[in-house]
Amino acid sequence: MLGTVNRVLVGLAGLLLLALGGSVLAAGLGAPLPSWWLYHGRHDVLLSTARRTQWRDTGWWWPTVLAALAVTVLLALWWLTAQLRRRRLTEVRVDTGDGEGALLRGRALETVLATAAAHQEGVAHAQAVLRGTRTAPRVRVRLRLEPDVAPAQALGELTSRALAHARESAALERLPAEVRLTPVGHRAGRPT
């Protein structure tokens with residue numbers, strides 16, 4: 001959801017800046033502007049003194065300005081805290097069968113998954129990151145494969161061994177995984 005909010009905010013800011021910049025450029029080049037627009041000609045200012053002080057003496061002006069600024073500050077703080085929030089899952093709820101349950105540290109499950117994946121044949125390095133919620137975790141696994149291993153073989157071994165073992169150990173009904181496979185960079189051999 002945060003990615004969608006970021007895209008929408010950046011898109012709206014871009015459209016607003018594009019519209020304002022385009023209108024200033026159009027007015028500067030002498031293009032006709034609508035009668036309701038903020039300024040009308042090449043030598044007109046964006047906000048005249050009369051427009052800036054138009055509502056100062058009315059009773060609703062300052063409370064409205066302060067409320068709009070407060071809402072803007074609160075939304076900016078919410079967005080900032082959402083950006084700084086941790087993305088990793090710290091705990092996974094394990095159903096122990098007695099109705100109480102237990103909590104498994106997310107880092108422990110990540111380490112076990114990464115270690116099991118790294119011990120597979122043809123895997124040079126493995127990394128696992130848990131996401132999602134405590135009751136419905138997801139895992140993102142990155143595997144760096146040796147040049148001689150088939151990606152389908154490495155993926156099949158990962159799902160049938162490491163992911164299945166982690167799902168059974170944590171008593172999860174399902175453990176969705178996103179697996180990214182990358183080759184190990186190596187130098188080309190020199191012919192002798």
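In this predicted model, the side chains of E178 and R180 come together in a salt bridge, with 2.9 Å from N to O. E178 has a second partner as well: R140, at 3.5 Å from N to O. Through these shared partners, R140, E178 and R180 end up in one salt-bridge network. R140 sits in strand β4 and E178 in strand β5, so their pairing ties together parts of the chain that are 38 residues apart in sequence. None of the three is hidden away: R140 is partly exposed at 26% relative accessible area, E178 counts as partly exposed at 33%, and R180 gets the same label at 37%.

The two strands behind the R140–E178 link are also paired with each other. Strand β4 covers residues 137-145 and strand β5 residues 177-183, and they run parallel, with seven bridges between them. One of the residues involved is L145, whose bridge partner in β5 is P183. To get from β4 to β5 the chain passes through helix α5, residues 151-169, and this β-α-β crossover is right-handed. As a general point, side chains in a regular strand alternate between the two faces of the sheet.

On the way from α5 to β5 there is a small backbone oddity. A171, in the loop between α5 and β5, has a phi near 55 degrees, which is a positive value in a residue other than glycine. With a relative accessibility of 40%, A171 counts as partly exposed.

Back to the salt bridges: a search of the whole structure turns up four of them. Another of these joins R134 to E91, the closest N and O atoms being 3.8 Å apart. Here R134 belongs to the loop between β3 and β4 while E91 is in strand β1, so this pair ties together parts 43 residues apart in sequence. Both ends are partly exposed, R134 with a relative accessible area of 39% and E91 with 28%.

Not every acidic residue looks like that. E110, which lies in helix α4, counts as buried, at 5% relative accessibility. The cut-off for buried is under 20% relative accessible area, so E110 falls within it. Setting aside neighbours within four places in sequence, E110 is in contact with R88, A128, V129 and L130.

Next comes the nonpolar interior. The largest nonpolar core has 24 residues, and the members that touch the most others are L113, V139, L143 and L158. Several elements feed into this core: β1 (91-94), α4 (106-118), β3 (123-132), β4 and α5 each give at least two residues. Helix α5 makes the largest contribution, with five residues. So what does L158 touch, once residues up to four places away in sequence are left out? The list is A117, Q120, V141, L143, L163 and V179. L143 thus turns up twice, as one of the core members with the most contacts and as a residue touched by L158.

The aromatic side of things is quickly told. Two aromatic pairs come out of a search of the whole structure. W60 and W61 make an edge-to-face pair, with 6.0 Å centre to centre and 80 degrees between the planes. W61 and W62 are edge-to-face too, at 6.3 Å centre to centre and 65 degrees between the planes. Put together, W60, W61 and W62 form one aromatic cluster.

How buried or exposed are these tryptophans, starting with W60? With a relative accessible area of 43%, W60 is partly exposed, and W62 is placed in that class at 44%. W61 counts as partly exposed as well, at 21% relative accessibility. Because buried means under 20%, W61 stays on the partly exposed side of the cut-off.

Notes. Residues are numbered from 1 along each chain as its sequence is written. This is a predicted model: local features need pLDDT of at least 70, side-chain atom pairs count only at pLDDT 80 or more; totals for chains, interfaces and linings use all residues. Side-chain values use heavy atoms; hydrogens and water are left out. Two strands pair if DSSP finds at least two bridges between them. Helices (H or I, at least four residues) and strands (E, at least two) are DSSP runs, numbered from the N terminus. A crossover is right-handed if, with the strands pointing away from the viewer, the path from the first strand over the helix to the second runs clockwise. A nonpolar core is a set of buried Ala, Val, Leu, Ile, Met, Phe, Trp, Tyr and Cys residues joined through side-chain atoms within 4.5 Å. Buried means under 20% relative accessible area, exposed over 50%, partly exposed in between (1.4 Å probe, protein chains only). Contact means heavy atoms within 4.5 Å. Rings of Phe, Tyr and Trp (its six-membered ring) pair if their centres lie within 6.5 Å; planes under 30 degrees apart count as stacked, over 60 as edge-to-face and the rest as tilted. A salt bridge is a side-chain nitrogen of Lys or Arg within 4 Å of a carboxyl oxygen of Asp or Glu.
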